Structures are given as C-alpha cells and as structure tokens.
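Hi,

Here is the structure I promised to send over. Please have a look when you get a moment; my notes follow below.

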Amino acid sequence: MRLFLDRAAAVRPGFALDESTVGPVVDIVRRLDGLPLALELAAARLRTMDAGELSRRLDDRFRLLGTGNRTARPRQRTLRAVIDWSWDLLTAEERALARRMSVFPARAGLGPIEAVCSDDSVGDVAYLLDSLVDKSIVERSGDGYRMLETIRAYAAGELRSAEERDAVRRRLTRHYADLAERHEPLLRSHRQAESLRLFGFEYDNLVHALQAAIDDGDADAAARILGPLYWYWDTLRYDGRADAYVARVLEYGDALPPAARSAFATIHLLAGGGDAERLRAAVEDCARTGALPRYPMLLTMTLTAASMAGLDDLVDREIARVRDGSDGWAVAHTHLVEALRSRVRGDWAGGATAAARALRAFEEAGDRYWTAMMLNGTAQIHAVEGRHDEAVADYGRSISISTGLAWQEEISSRLGLATERMRRRSEGRLAGARNRGTGGLGPRSAHAGDPGPHLRGGAVPPPRRDRPGRPGTRPAGEGRPRAGAARRDEPEPAAARQDREPPHRR
C-alpha cells in the first residue's frame, strides 16, 4: 500500500487516501497481489486516469500495464515481461499444470487438481505442484494450493492459447458435480461435519463450477451442483445469489431431470410467494416426479408452507408416505413439521411431544445441525414450563454438539443458557429465603406440608400495595413503623405505657 501511494504521489502530486480513493486503491493493491513492479506500473497510469477507472480496467491488466520504465532491463519493463521470464523457466509439464490450474478461482486441494488438470501430458501432480511452489508460480494455502490473481490471469491466457480451455472447464464442472452429488446424503448423516468442512473449503470453486455449467449449457451438471449447494445455503451460509441461481437453472426447462425441475420450481415459488392452489400443484408435481425423496430438504419448506395454507390433507398424506419409507432424516422432518403445526394451532403439549420425537430422530440420523436446532427448541419449551435444569442441559448440549459447524443459532443458545442459569439461581435463593423465614423447619400453614395459599402451584406472593397503583410504597413523609409499635387504631397496653413513662409519673 505504501509503495503504491508513494509512486502515485510522484506522478500525481497531492494524491492521497480519502473517501473517494480508499476503495479503488485497496482493490488495486489486492488484485495486483502486492507485486512491487505491478504496483509501480499501475501507479504510473494515474497520470491519465483516476484510481476508480484504473481499478475497473484491471481485468485487462497486461494491456493496461504494458508500458514501463524504458531504462530497465527488458524483463522488468512490463508486467507481462516479468511473468514471461518466470514462465519460460518452467518445464513443459509444469507449464501444462499451471495453465490448467487457472480454471480454479480459489484454493483447491490436491485431489481436485489431479482430477481436473492431469492427463497423459502431466505426470506426478504432487511433485509438479511442489516445483511450482518453489518457483513462486503457485502458493501453498492451508491444505490447498492457489495462484496469485495476476499469475492466474496470465495462465488463463496461456490456457486459451493452448486451446485447452473448454476441455479443462468441462472437467472442472463434472468434478464438482460429482463431488456435490456424492456428499449430498452425507450432509444429513454422521459424516455431516466432514462434508460441511469440505463445502466450506471448496465453496468458491463449487459456485464457480455452477456458474460455468450454467454458462456452458450443462443442465445436468448445474442441477447436480445446485441441489446440495441450496441445502448448504439454506442451512449454514446465506448467499444473496441463491434465488438468482435457481431461476437461471430453471431456464433449462425440460433439459433438467424431472425431479430437479420440480424441486427448483417449488423453491422458486416459495421464494416469491404463491396462493394455496399453486402450492398444492407444486407439491403434487414434486410427489409425482420423486423430487421429495430425491431432495429431502424440500420437506420442511413445502409441508410447513402447505400447513400454513390450510392444505392439511396434503400434509397428512405426505407425512404418511415419508414414514412408510426408510429415510430416518426425512422422518425426523415430519415430526418437525408436526411440531410447527401444533404450535401454530395453540397445541402446546402436542408441539412439545412432536419436538421431542424430532430430536430423537435427528440424533439417530446423525445430523448434528438439526439435533442442535431441536435441542434449542426443547430448551425453550422447558424454560417456558419452568423446568430450568432441563433447559440448561438442552442449551448446553446444543452448544456442545454444534461446535465446528458454524451454527447460526449459537448466540441465541448461549443467551438462553445464561438466562436459564440466572433463573435457576434466583429460584434457589428464593427457596432458601422461604426456608429461613420458617426457621429452617420447612413451610408452615394451617395444614402440615402446605406452603400456604399464595405459594400453592409455585405462584409468587402478590406484591403488597400500601398505596393504590404503586406496589410496596408508602405515602410521602410516612416512615416504616418501629418493631413492636402499636397501630394507631388499637389501645396501647397498660404495661407498655408504664414502661414508657418516666419514674416520677409512675
């Protein structure tokens, strides 16, 4: 950043960071990967354009930064010349691997790189990657590899020149379609955490592969990637592009597999809103094409919406169908739908029972995310019913089992846990105070063991009202009566009056 600002001020006196330049300058430095020569060449362009225009033109960086210091050595005069010099030092196998790696927009693991980039012209990929790291063409990034954006842009040009772009791009989309499809059922199993980590690691590559499949007209690959990705978006990682991707894939119409077309059409309908009859038709189409068993994530979306729309016959039929099958995760969602429906109807007991069933079913399926969600729900039920020990236990378990999942409800669970712990301590102190008030002998009332009319059923005694509308207050100027003082409307006992009188008056 300092290098760029120094060079910018030299060619454009008075140039400095302010509200109008900070965004473009940060973008320029980031996209040029902090490469000193690239930053110097970019700063020189500020003679003829402002920072915002320079930032926008970086997509064609090699043309933009195609002139430099004519007194420098040839390989240091332009950005392309610098990378040309490094590129020429690579072997044929290293160049082939490097240019093919340009199809990855983000870091990628060894497995995907091998699957997408290797063929008869590329030998041991792991060995070649180590060599490319040593020659600063590729960087290690955690458990994967990545290219600097400038080198990736250069390598992409080499890929086009070698006429390999389309073939490598197809391999990329097919690889990630296979990956997404393979991990879709694992996202709902005991291996959920492993699959979620993979989706997080490969997220940018998965989205890029989806976009490539859409752009290239590969409807099958687009559908295979979009299904698991939408589950991921809906569950853990909101992406504002989700509905737009669904709409784009739906444009392929009959080219999509029937189940995928029905599923995405229903998701699109729910996102935009629709009347009860359109919803019924969409759910019926999902049932006909097998979309509900193929995409179980639809269950909660569709059946909850159908229940809210009064389509109880449809909901009951699909719940029965799912429970006749063998998908335990789908069965768990039918209990969740029943819990939500009972709650809407005001059936608190029915909702609590269904929520407990859903919790057990998600635990058996191995889905840690939905188990944590249901524990959060049962904890709230316990809290409302005053069972604070059970609420604390369920909140604690929800936090524990969701560790590492980037669970969105963790903050609310921690707040609920803290609240229930305070309530439990408060009730403990209140019980202790009641016990001390009875001399440690337990409750006293007209009947043995009876806590008294105000405390039966756990009710708190009503506040004393010494003044209308304000509990526990007294008129101004009136202090609290002394211990043992007689009320004004009662005669004072003679003995007490004698003790209060001076001796000469007795």
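Let me begin with helix 7, which spans residues 92–101. Seven of its ten residues are buried, so helix 7 is largely enclosed by the rest of the structure. The buried ones are Glu94, Ala96, Leu97, Ala98, Arg99, Arg100 and Met101. Please keep in mind as you read on that this is a predicted model.

Next, the aromatic residues. Searching the whole structure turns up nine aromatic pairs. In one of them, the ring centres of tryptophan 329 and phenylalanine 362 are 6.5 Å apart and the ring planes meet at 75°, so this pair counts as edge-to-face. It connects distant parts of the chain, with the two positions 33 residues apart in numbering: tryptophan 329 sits in helix 21 (residues 328–344) and phenylalanine 362 in helix 22 (residues 348–365). Both partners are buried: tryptophan 329 has a relative accessibility of 3%, and phenylalanine 362 has a relative accessible area of 0%. These two also belong to an aromatic cluster, together with Tyr369 and Trp370.

Finally, there is something to see on the surface. Glu93, Glu114, Asp124, Asp130 and Asp134 make up a negative patch there. Where does glutamate 114 lie? You will find glutamate 114 in helix 8, which covers residues 110–117. Its relative accessible area is 34%, so glutamate 114 is classed as partly exposed, a label for values between the 20% limit for buried and the 50% limit for exposed.

Happy browsing, and best wishes!

Conventions
Residues numbered from 1 in each chain as written. Predicted model: local features only at pLDDT ≥ 70, side-chain atom pairs only at ≥ 80, totals over all residues. Heavy atoms only, no water. Patch = residues over 30% accessible without salt bridge, like charges linked within 9 Å, V, L, I, M, F, W, Y side chains within 5 Å. Areas by Shrake-Rupley, 256 points an atom, 1.4 Å probe, with all protein chains shown as cover. Salt bridge = Lys/Arg side-chain N within 4 Å of Asp/Glu carboxyl O. Lys, Arg positive; Asp, Glu negative; His and termini not counted. Charge placed at Lys NZ, Arg CZ, Asp CG, Glu CD. Helix = DSSP H or I, 4+ residues; strand = E, 2+ residues; numbered from the N terminus. Buried < 20%, exposed > 50% of the residue type's maximum accessible area, 1.4 Å probe, protein only. Phe/Tyr/Trp six-rings, centres within 6.5 Å; stacked < 30°, edge-to-face > 60°.
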